[in-house]
Structures are given as C-alpha cells and as structure tokens.
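Before reading on, take a moment to turn the model around and follow the chain from one end to the other. Then ask yourself where oppositely charged side chains might meet.

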Amino acid sequence: MKMVVENLTKEKLPGGLRVQFWLAKCLELLAASVDEGGREVLSHGTGEEVIELNFVKAEEIRRLNKHFRQIDKVTDVLSFSFLGRGSFPGDKYLVGQIFIEPVTATKQAAEHGVTLREEIEFLFVHALLHVFGYDHETE
C-alpha cells in the first residue's frame, strides 16, 4: 500500500513524520483482526492501493466537516474510507483520505505535552483506523 502526502497549507510541518511506518504497523495489526473492508485490501490488494494524507487549512477542514458531517466547525482530523464500495474511486485505487489541520494539531500538541510530530502521528493512526472500519462506538 502506498502513501501520498500533500501539504496544502503554508504551515511548516515537523521533519521525520513516520506515516509510512505507522501505516505498515496498522496493516500488521489489522492482518490478525480485520473487518470485511480490511480483508478486501489485505487479501486482494495489488500493492497499488493508496492512502492520501492531506494537510489542509482551517477553512478547508471546516468546509469538509460541514459538508460531510453537518458540523460547522474546525476539527483536527477527518477521514474518509472507500472500502467496501466494490471499486475504488479514480484510477489510483484510493482506499481512503485523511485530512489534518496543522494549526489545531499544534495547539493540541501543546495541551497534551507532546511534540507536533507525535500529535500528527497520533491523529494519522486514529484516522487510519477509521479508514479501515473502526469507530469510537464499537472498537
């Protein structure tokens, strides 16, 4: 599985983000205990599947939050899964999209007493689990 990372903001992101490492770790854990969507990728994957990680401005994450969740406010992270839909959208075998708002992540890092890199990696893993079908209510 491949990662595509785009910074669509002017915010400086921390060096050494280990998103590919965390993707591999999550896939290892999911291999032992996966839902139907996860099995779709893990057992039939071609290696061309893509997870997109997009760093976006507050206005954009607010727009997405309002459009898809009907919540008109800025949030730290959003994730969208395309598993279980029969075919992936586009030509990239897009499995899921993750959007992180770095200014909010920076504030949260200070509140949690962690580095920005750690906060972004936490948000990424959290969102990645949502992409693979886990949610707050059941897992």
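The paragraphs below go from the overall layout to the individual salt bridges.

The model shown here is predicted, and its protein chain holds 5 helices and 4 strands. If you trace these elements from the N terminus on, they follow the order β-α-α-β-α-β-β-α-α. Of the 139 residues of the chain, 39% count as buried, while the accessible surface comes to about 8,000 Å², with 53% of that area belonging to carbon and sulfur atoms. Among the contacts between residues at least 6 apart in sequence, 67% join residues that are at least 24 apart.

How many salt bridges does a search of the whole structure find? The search finds 3, and each can be looked at in turn.

Begin with helix α3, which covers residues 58-69 and contains both Glu60 and Arg63. These two residues form a salt bridge in which the closest N and O atoms are 2.8 Å apart, and their positions in the sequence differ by 3 residues, which corresponds to about one turn of the helix. Glu60 is partly exposed, with a relative accessible area of 28%, and Arg63 is likewise partly exposed, with a value of 45%.

Helix α3 also contributes Arg62 to another pair, for Asp72 forms a salt bridge with Arg62, and here the closest N and O atoms are 2.8 Å apart. This pair links distant parts of the chain, since Asp72 sits in the loop between α3 and β3 (77-81) whereas Arg62 belongs to the helix, 10 residues apart. Both partners are partly exposed: Asp72 has a relative accessible area of 42%, and Arg62 has one of 37%.

The remaining salt bridge joins Arg117 with Glu121, whose closest N and O atoms are 3.3 Å apart. Both residues lie in helix α5 (residues 116-131), and because they are 4 residues apart there, about one helical turn separates them. Are the two partners buried or exposed, or somewhere in between? Arg117 is partly exposed, with a relative accessible area of 28%, whereas Glu121 has a relative accessibility of 5% and therefore counts as buried, the cut-off for that label being under 20%.

Looking back over the pairs, you can place Glu60 with Arg63 inside helix α3, Asp72 in a loop with its partner Arg62 in helix α3, and Arg117 with Glu121 inside helix α5.

Definitions and conventions:
Residues numbered from 1 in each chain as written. Predicted model: local features only at pLDDT ≥ 70, side-chain atom pairs only at ≥ 80, totals over all residues. Heavy atoms only, no water. Salt bridge = Lys/Arg side-chain N within 4 Å of Asp/Glu carboxyl O. Helix = DSSP H or I, 4+ residues; strand = E, 2+ residues; numbered from the N terminus. Buried < 20%, exposed > 50% of the residue type's maximum accessible area, 1.4 Å probe, protein only. Contact = heavy atoms within 4.5 Å. Areas by Shrake-Rupley, 256 points an atom, 1.4 Å probe, with all protein chains shown as cover.
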